[in-house]
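Reader: I'd like a close look at one part of this protein. Could you walk me through it in plain words?

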Amino acid sequence: MQDAKPDISDFVKAAPPDFKNPESCPALVLNADFRPLSYYPLSLWSWQDTLKAVFLDRVNIVSEYDTVVRSPSTDFILPSVVSLKTYVKPPRYPAFTRFNVFLRDGFSCQYCGAPQDLTFDHVIPRRAGGRTTWENVVAACSPCNLRKGGRLPKQAGMVPRNKPRQPTVYELHETGRRFPPNYCHESWQDYLYWDTELEP
Ligand SMILES: [Zn+2]
C-alpha cells in the first residue's frame, strides 16, 4: 500500500467528457428509492450494461442523453439516469479501499494535515504485527510516513489526529460532499446533492 497515490486530482480536475461519444455516457444508477445505489464510487454503468438492463426490464429510464447509438435495426437513445425496479438494501459499511481510506481522512495527512503527497501509514507497523485494516491504516504524507518509519506511535511521538476506525456509508457520504465529483451530467444533479441544496 505504500506506493499508492490518491486519485483526487483525477477526481477533481478531469476534463468534462465528450457526450457525443457513447463511451463517455455512463448512466447514473439509482436504487428503487431514487437514491444513488452507491456514492463512493458513484454507481455508474457503461451504456452497454445500461441498455442490457433496460432490455431485461430491470430498470426504469429516468433521464436520457442526446446521444444515440445505432444498430442495424433500430436506434437507442442512451439513458443518463436509470432506477432499479427492485430495491437493493444498501450496505451499512463501505468497502475497505484506498480511495475510501483517503476519503474517510478527508484527503489529508493524519499526522500533519498536509493534503499533498499522500500515501498510507500503518499506525502499528506491519513488522510489529499491525494489520491492514480500517483501524490501523491512515492517510499520511510521504514525509510523515518516512519520519515515522517502522516505529510505534508513542516511540515516534506521532499519533493520528483521528483514531482510525471503520466509517459508515453515511459518514463517508457526509465527508464526500466536500469532494464532489469533477463533473456531473446535468441530469444527475437532482439525484446526487439535493440534500445540500436544501440547506439554508
Ligand atoms: Zn504529514
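What is the strand order in the open sheet of 4 strands, and which kind of pairing does the sheet have?

Author: Some ground rules come before the sheet. This is a predicted model, where local features need pLDDT of at least 70 and side-chain atom pairs count only at pLDDT 80 or more, while totals for chains, interfaces and linings use all residues. Residue numbers start from 1 along each chain as its sequence is written.

Now to your sheet: the order is 2-1-4-3, and the pairing is mixed. Strands here are DSSP E runs of at least two residues, helices are H or I runs of at least four, and both are numbered from the N terminus. Two strands pair if DSSP finds at least two bridges between them. In general, strands of a sheet pair through backbone hydrogen bonds, either parallel or antiparallel.

At the edges sit strand 2 (44-45) and strand 3 (59-70), each pairing on one side only. Strand 2 has strand 1 (residues 27-30) for a partner, antiparallel over 2 bridges. Look there for L28, which stands opposite L44 of strand 2.

Next comes the helix that goes with this sheet. Helix 2 (residues 47-55) lies across strand 1, strand 2, strand 3 and strand 4 (75-84), and runs at about 80° to strand 4. That angle is taken between N-to-C directions, on a scale from 0 to 180 degrees, with axes fitted as lines to C-alpha atoms, for helices over the stretch in contact. Contact means C-beta atoms, placed from the backbone, within 7 Å.

What about the packing? The largest nonpolar core has 16 residues, and C109, A139, A140 and C144 have the most contacts inside it. Such a core is a set of buried Ala, Val, Leu, Ile, Met, Phe, Trp, Tyr and Cys residues joined through C-beta atoms within 7 Å. Buried means 20 or more other C-beta atoms within 10 Å of a residue's own, again placed from the backbone. Strand 6 (137-141) is one of the suppliers of at least two residues to this core, and gives the most, with 5 residues. Apart from that core lies another of 12 residues, and L28 turns up again here, along with C25, V29 and L78 among its members.

For the wider setting, the protein chain has 8 helices and 6 strands. Strand 6 is joined to strand 5 by 5 bridges, and the two run antiparallel; one bridge pairs T119 with A140 of strand 6. Strand 5 is mostly covered, with 5 of its 5 residues buried.

Conventions. Contact = placed C-beta atoms within 7 Å.
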